[in-house]
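Biologist: I've got a fold on my screen and a few things to ask about it. Could you walk me through it, one question at a time?

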Amino acid sequence: ALAYEDLHEWEHAVQQWEMVLNSRGEILQEEFPADLAVGHLHLARLYVRLNDPAAARKHYDQFLEMWKEGDDLPQHRQATVELRALASPAAVALSGH
């Protein structure tokens, strides 16, 4: 998924992240909940790039819900800012379109 992101192949990256998240227990074990949360953050950002704000919101919400008891890291703060931006006209700028 990350390799596709680096190549800016957003659709392929989404497919790979969805596969990883849907394979929970096979790829992501219960001992790695942070990886699961970060997967949702990657998907949220990819859906912003693909101009699908509803899917982006869903994954931002899942990330923030999973991380609500976690440390206040820059990723958490940035995700909150990005989610708020989806509700504003500036969301287009965030997506790079």
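Biologist: What share of the contacts in the protein with a separation of 6 or more comes from residues 24 or more positions apart?

Modeller: Keep in mind that this is a predicted model. Looking at contacts with a separation of 6 or more, I picked out the residues that sit 24 or more positions apart, and they account for 46%.

Biologist: Fine, so how far does the predictor trust itself, and which helix has the lowest confidence?

Modeller: The mean pLDDT of the protein is 81, with 75% of its residues reaching 70 or more. Confidence is highest in helix H1 (residues 2-6), at a mean of 93. At the other end, with a mean of 50, the lowest is helix H6 (residues 91-95).

Biologist: How many helices and how many strands does the protein have?

Modeller: Reading from the N terminus, the elements go α-α-α-α-α-α. That makes six helices and zero strands.

Biologist: Which helix gives the largest share of the largest nonpolar core?

Modeller: That core has 23 residues, and those with the most contacts inside it are Tyr-60 and Phe-63. Helix H2 (10-22), H3, helix H4 (53-67) and H5 each give two or more residues to it. As background, nonpolar side chains tend to be buried together in soluble globular proteins. The largest share here is eight residues, and it comes from H3.

Biologist: Which residues does Phe-63 touch, leaving out those up to four places away in sequence?

Modeller: Phe-63 is one of the residues with the most contacts inside the core. Its partners, once residues up to four places away are set aside, are Ala-37, Val-38, His-40, Leu-41, Gln-75, His-76 and Ala-79.

Biologist: His-40 turns up there. Which side chain does the side chain of His-40 make a polar contact with?

Modeller: His-40 is found in helix H3, and with a relative accessible area of 9% it is buried. Beyond four places in sequence, His-40 is in contact with Leu-21, His-59, Gln-62, Phe-63 and Met-66. The polar contact, at 3.1 Å, is with the side chain of Gln-62.

Biologist: And Gly-39 next door: is it buried or exposed?

Modeller: Gly-39 lies in helix H3. Not counting residues up to four places away, Gly-39 touches Trp-17 and Leu-21. Its C-alpha is 10.0 Å from that of Val-14, with the two positions 25 residues apart in sequence. The relative accessibility of Gly-39 is 0%, so it counts as buried.

Biologist: How far apart in space are Leu-64 and Ala-79, C-alpha to C-alpha?

Modeller: Leu-64 has its place in helix H4 and counts as buried at 16% relative accessibility. Aside from neighbours within four places, Leu-64 is in contact with His-76, Ala-79, Thr-80 and Leu-83. In sequence, Leu-64 and Ala-79 are 15 residues apart, and the C-alpha distance is 7.6 Å.

Biologist: On to charges. Which two side chains meet in a salt bridge?

Modeller: The structure holds one salt bridge. Opposite charges can pair when the charged atoms come close. Here the N to O distance is 2.9 Å, and the side chains are those of Arg-45 and Glu-82.

Biologist: Why does that pair tie together parts that are apart in sequence, and how many residues apart are they?

Modeller: Arg-45 is partly exposed at 32% relative accessibility, whereas Glu-82 is buried at 8%. Arg-45 sits in helix H3 (residues 33-49) and Glu-82 in helix H5 (residues 74-86), so the pair ties together parts whose separation in sequence is 37 residues.

Biologist: Now the backbone. What is phi of His-8 near?

Modeller: His-8 has its place in the loop between H1 and H2, and it is exposed, with a relative accessible area of 54%. Most residues other than glycine have a negative phi. His-8 has a positive value, near 60°.

Biologist: Where is Asn-51, which also has a positive phi?

Modeller: Phi of Asn-51 is near 60°. At 57% relative accessibility, Asn-51 counts as exposed. Its place is the loop between H3 and H4.

Biologist: Last one: what percentage of the accessible surface belongs to carbon and sulfur atoms?

Modeller: Of the 97 residues of the protein, 36% count as buried. The accessible surface comes to about 6,100 Å², and the part belonging to carbon and sulfur atoms is 53%.

Note on methods:
Residues numbered from 1 in each chain as written. Predicted model: local features only at pLDDT ≥ 70, side-chain atom pairs only at ≥ 80, totals over all residues. Heavy atoms only, no water. Salt bridge = Lys/Arg side-chain N within 4 Å of Asp/Glu carboxyl O. Helix = DSSP H or I, 4+ residues; strand = E, 2+ residues; numbered from the N terminus. Buried < 20%, exposed > 50% of the residue type's maximum accessible area, 1.4 Å probe, protein only. pLDDT = per-residue confidence, 0-100. Core = buried A, V, L, I, M, F, W, Y, C linked by side-chain atoms within 4.5 Å. Contact = heavy atoms within 4.5 Å. Areas by Shrake-Rupley, 256 points an atom, 1.4 Å probe, with all protein chains shown as cover. Polar contact = N/O pair within 3.5 Å; in protein donor to acceptor, adjacent residues only side chain to side chain.
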